[in-house]
Each structure stands twice: as structure tokens, then as C-alpha cells.
Amino acid sequence: MDNHPRCCIAGGGPAGMVLGLLLARAGVKVVVLEKHLDFLRDFRGDTVHPSTLEILHELGLLDAFLQRPHDRVDQLRATFEGQGFPVADFTHLPSHSKFLVLMPQWEFLDFMCEEARRYPGFELWTDAEAIGLLQDNGRVNGVKVRRGARGPGSPGNPAGGKPQEVELHASLVVAADGRHSTLRDAAALPHISYGAPIDVLWMRIPKQPGDPDATAGHIAGGHFLVTLNRGDYWQCAFVIPKGGHDALQQRGIGAFHAEIAKVAPFMQDRLPQALPDWNAVKLLEVTVDRLESWACKGMLCIGDAAHAMSPVGGVGINLAVQDAVAAANLLAASLAGTATDKQIDTLLPQLQRRREWPVRVTQAAQRMVQDRVLMPVLGGKVNTKVGHVPWPLRLLSRWPMLRRLPARAVGLGVRPEHVKSPRA
């Protein structure tokens with residue numbers, strides 16, 4: 001029994017890696033399961049908001065983190081029918097970092113893993129997928145793990161052969177395995193689904209000299225495109241109505257090029273080479289939901305496993321990190337000590353009581369933006385006559401003080417968490 005970890009975290013995303021680091025820092029023996037061979041997957045969220053940067057500052061890791069490749073954003077801008085407008089100004093935030101960072105998520109995860117491995121209690125299993133729960137007398141006490149599914153020579157299958165299923169026991173299982181959480185389903189935790197009227201197409205477009213530098217949202221011709229500056233290329237998110245992907249494909253990739261060119265004319269000449277076919281375009285089916293109960297005996301859900309967020313505002317990573325910090329604040333001392341399973345179980349509902357209100361408020365704001373901003377744009381209901389500018393953009397452009405409000409909402413969010421978990 002002594003060889004078992006105290007905590008098993010299913011999911012090597014932002015929530016899982018941050019919680020793994022904080023628990024290991026507190027002296028807890030913890031295993032994080034990552035089903036892929038590494039973190040190198042594109043089309044994940046890139047935005048690291050000031051709330052997350054503040055946590056890194058509190059851990060003494062911010063300077064090292066900012067050595068990784070990133071794009072610093074002091075202000076967010078939008079273009080409406082080719083005219084630029086300032087939207088959010090982060091430079092006045094009451095935080096150490098008065099900017100947000102755009103960083104490929106694999107860089108963020110690799111950094112967190114590198115820091116976590118400095119502590120002897122941390123272990124990362126790659127090529128290890130949590131496929132089910134272990135239970136004893138109605139209490140979760142571990143997970144079933146499939147190792148080696150990524151092929152011979154992988155960390156989970158070094159000698160080749162068939163994938164192996166192993167049992168990993170732990171006092172606490174944390175489901176951080178995303179919006180399609182296997183463990184959440186295995187525990188039969190009911191959830192509330194709000195649906196979403198949009199989906200998002202992700203793609204990479206090379207940058208060229210003369211391109212605008214700023215990360216921005218672009219509205220034109222009934223389309224909405226977000227361009228994230230990744231140095232030598234743009235990471236682009238093209239918003240479409242829910243279920244509109246098939247119809248778009250039927251019109252052909254050339255028609256899609258034309259739609260992008262309407263909203264971002266500077267990209268027009270490079271689109272045929274950058275997007276030769278639909279294989280270069282990835283569909284993100286947007287889901288907004290929330291568990292009715294985030295925990296059961298022996299198991300806790302955090303991040304997207306507890307509440308799938310819309311991509312509006314790019315807050316998903318940061319809400320997940322906030323969950324992880326709150327969970328560590330609540331549980332680290334007990335897991336590092338001699339708390340019994342029953343004592344641990346009594347703590348678990350407290351995380352939902354702490355974090356559910358920020359999630360509800362954020363999801364409500366996202367749904368309002370989807371319904372009142374994005375859908376009218378996509379439905380062609382926004383006045384695009386020459387000289388007309390929507391009143392929110394006019395206000396933000398005229399009154400700089402107002403730009404602090406969206407910056408606060410996006411950058412810090414509702415009830416930001418601070419590191420209170422102990423360091424062993």
C-alpha cells in the first residue's frame with residue numbers, strides 16, 4: 001500500500017499539471033496520467049491570463065516561465081469592417097502582471113511538468129489513459145489505466161506487444177480529463193448542458209512581412225475571425241454556426257478561402273497554400289455544460305471535466321488553473337498528512353462551493369456574448385453600412401477608462417485564487 005500514490009490525477013492538461021505541481025510541492029505523492037506520448041498537440045487554448053501569471057508569480061516561477069516563447073498582449077483590439085478599435089486594456093490591472101500571454105499550450109504544460117519533477121513525490125505517466133474507476137464499498141479508490149496504446153517503444157509499452165491494462169490505487173482520484181471525461185461518465189455524475197449556437201474552425205496561417213502585429217478579433221461580411229500571434233504564423237479561429245461545418249465543406253475549400261479573405265484580406269494570397277484541403281482545418285465542437293455535483297466519495301472533478309467552457313474570452317485554461325489552485329489549497333495539507341479517506345471525502349464538496357459561482361457567472365457571460373454578439377454577426381444582422389460602428393466599439397474607442405472593465409473580466413475573472421497550499 002505504501003507504494004501507491006496518495007493522489008492520482010487523470011489528465012495532463014493545465015488543471016492536472018498545476019494541481020500535480022502544487023500537491024508535489026506540498027509533499028504529496030502524486031501520479032498524473034497523460035494519455036498521449038507528449039504534450040505536442042495543436043489547436044488547444046493558448047491564452048495565459050494575468051490571473052494565471054499571478055499564480056506563477058506567487059510560486060516564484062514567473063520569470064522562468066516568461067523565458068519560454070510567447071507573445072505579450074497589453075491590449076486587445078478588434079477590427080470592424082477593416083477599421084481597428086481598442087477593446088481591453090490590461091495595463092491598469094491590480095496584479096503583478098498587467099498583460100496576458102499567448103503561448104502554445106505544450107510550452108505551458110512542459111514548463112509545469114519540468115517544475116513538478118523537481119519534487120520527489122511527482123510522477124508523470126505518458127501513454128497512460130484512465131479508462132475506468134476502481135471502487136471498494138461504494139468509494140472510488142483508484143483507476144484502470146491502459147498503457148502502451150500509442151505503439152511499441154512508447155513509455156507505456158517499451159518492449160512492444162499489446163497495450164496493457166493496470167490498476168492504480170490512490171486515496172483520491174481527480175478527474176481532469178477534459179470535456180469528454182471518461183471518469184466523469186464512469187461515476188455517472190449528472191450534468192447540466194446549456195448547448196452552444198457556435199462551433200469553431202482552427203487553422204494555421206503563415207505570417208508575412210506587413211501583417212498587423214496584434215492579436216485581434218475581426219468582424220466583416222457576416223464573419224468573425226480571431227487571429228492569435230504565434231511569431232511566424234497566425235493561429236486562427238473562425239466562428240461558424242453550430243452544425244454548419246458540413247455545409248461549409250460541401251461548398252469547397254475555395255469558398256472557405258473566400259470567406260476568410262472577406263474578414264482578413266491581408267491573408268488572401270497565402271490561403272491556397274496554407275489550407276490546401278480540409279485536413280488543414282480542425283473542428284472544435286463548442287460545448288457549455290456544468291456538473292450538478294463535482295465530487296463523489298474518493299473522486300473530484302476539476303476544469304473542463306467539471307464545467308466545459310465556451311472559447312469566448314479564452315478563459316478555459318485559466319478557470320481550470322483556478323480550480324487546481326483552489327483544490328490544492330483545500331486538500332494539500334490533508335493529503336500530505338494522515339487524513340483518512342473519510343476525512344478527505346468530507347472536504348471534496350467544499351471545492352464546488354468555492355468555485356461554482358465563478359463558473360456560473362463566467363458561463364452566463366459567455367452565453368450572452370454568443371447569443372447577442374456572435375450570432376447576430378454570423379446571421380448578417382449587424383449593420384455594416386459605411387460609417388456605421390456598433391455602439392460598444394464607439395464607447396470603448398472614445399472612453400479609455402471603459403477598456404479596463406473587459407480587461408478585468410477577461411484578465412482576472414471572478415474570484416481569482418491565490419496559492420495557500422503548503423510547501424514541504
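Start by selecting Cys-296 and Cys-301: the sulfur of Cys-296 has its closest cysteine sulfur in Cys-301, and at 7.2 Å that is too far for a bond. Keep in mind as you go that this is a predicted model.

**Stop 1: the cysteines**

Stay on Cys-296 for a moment and turn on the surface. At 24% relative accessibility, this residue is partly exposed. Now jump to Cys-113, which is buried, with a relative accessible area of 2%. Which cysteine has the sulfur closest to that of Cys-113? Select Cys-8 and draw the distance: the two sulfurs are 15 Å apart, too far for a bond. A disulfide is a covalent bond between the sulfur atoms of two cysteines. The cut-off used here is 2.5 Å between the sulfurs, so neither the 7.2 Å of Cys-296 nor the 15 Å of Cys-113 qualifies. Across the whole structure, the count of disulfides is zero.

**Stop 2: a three-stranded sheet**

Next, switch to cartoon view and select residues 47–48, 71–73 and 100–102. These are β3 and β4, together with β7. Which strand lies in the middle of the order? The open sheet runs β3-β7-β4, with antiparallel pairing. Its edge strands, β3 and β4, each pair on one side only. Strands of a sheet pair through backbone hydrogen bonds, either parallel or antiparallel. Zoom in on β4 and β7, and you will find three bridges joining them. For one place to look, select Val-73, whose bridge partner in β7 is Leu-100.

**Stop 3: Asp-89**

Now select residues 83–89, which make up strand β6, and pick out Asp-89. Is Asp-89 buried or exposed? Asp-89 is buried, yet it has no salt bridge. The nearest side chain of opposite charge belongs to Arg-403, 5.6 Å away; the cut-off for a salt bridge is 4 Å. Show Thr-91 as sticks too: its side chain and that of Asp-89 are joined by a polar contact of 2.6 Å. To see what else surrounds Asp-89, leave aside neighbours within four places in sequence and add Asp-74, Gln-75, Arg-403, Arg-404 and Ala-407, which are in contact with Asp-89.

**Stop 4: a hairpin**

For the last stop, select residues 128–136 and 139–147. Strands β9 and β10 pair here in the antiparallel sense, over eight bridges. Find Leu-134 and look across to β10, where Gly-142 stands opposite. How many residues lie between the two strands of this hairpin? There are two, and Asn-137 in the turn has a positive phi of about 55°.

Definitions and conventions: Residues are numbered from 1 along each chain as its sequence is written. This is a predicted model: local features need pLDDT of at least 70, side-chain atom pairs count only at pLDDT 80 or more; totals for chains, interfaces and linings use all residues. Side-chain values use heavy atoms; hydrogens and water are left out. Two strands pair if DSSP finds at least two bridges between them. Helices (H or I, at least four residues) and strands (E, at least two) are DSSP runs, numbered from the N terminus. Buried means under 20% relative accessible area, exposed over 50%, partly exposed in between (1.4 Å probe, protein chains only). Lys and Arg count as positive and Asp and Glu as negative; His and the chain ends are not counted. A polar contact is a pair of N or O atoms within 3.5 Å; within protein, one must be able to donate a hydrogen and the other to accept it, and residues adjacent in sequence count only if both atoms are side-chain atoms. Contact means heavy atoms within 4.5 Å.
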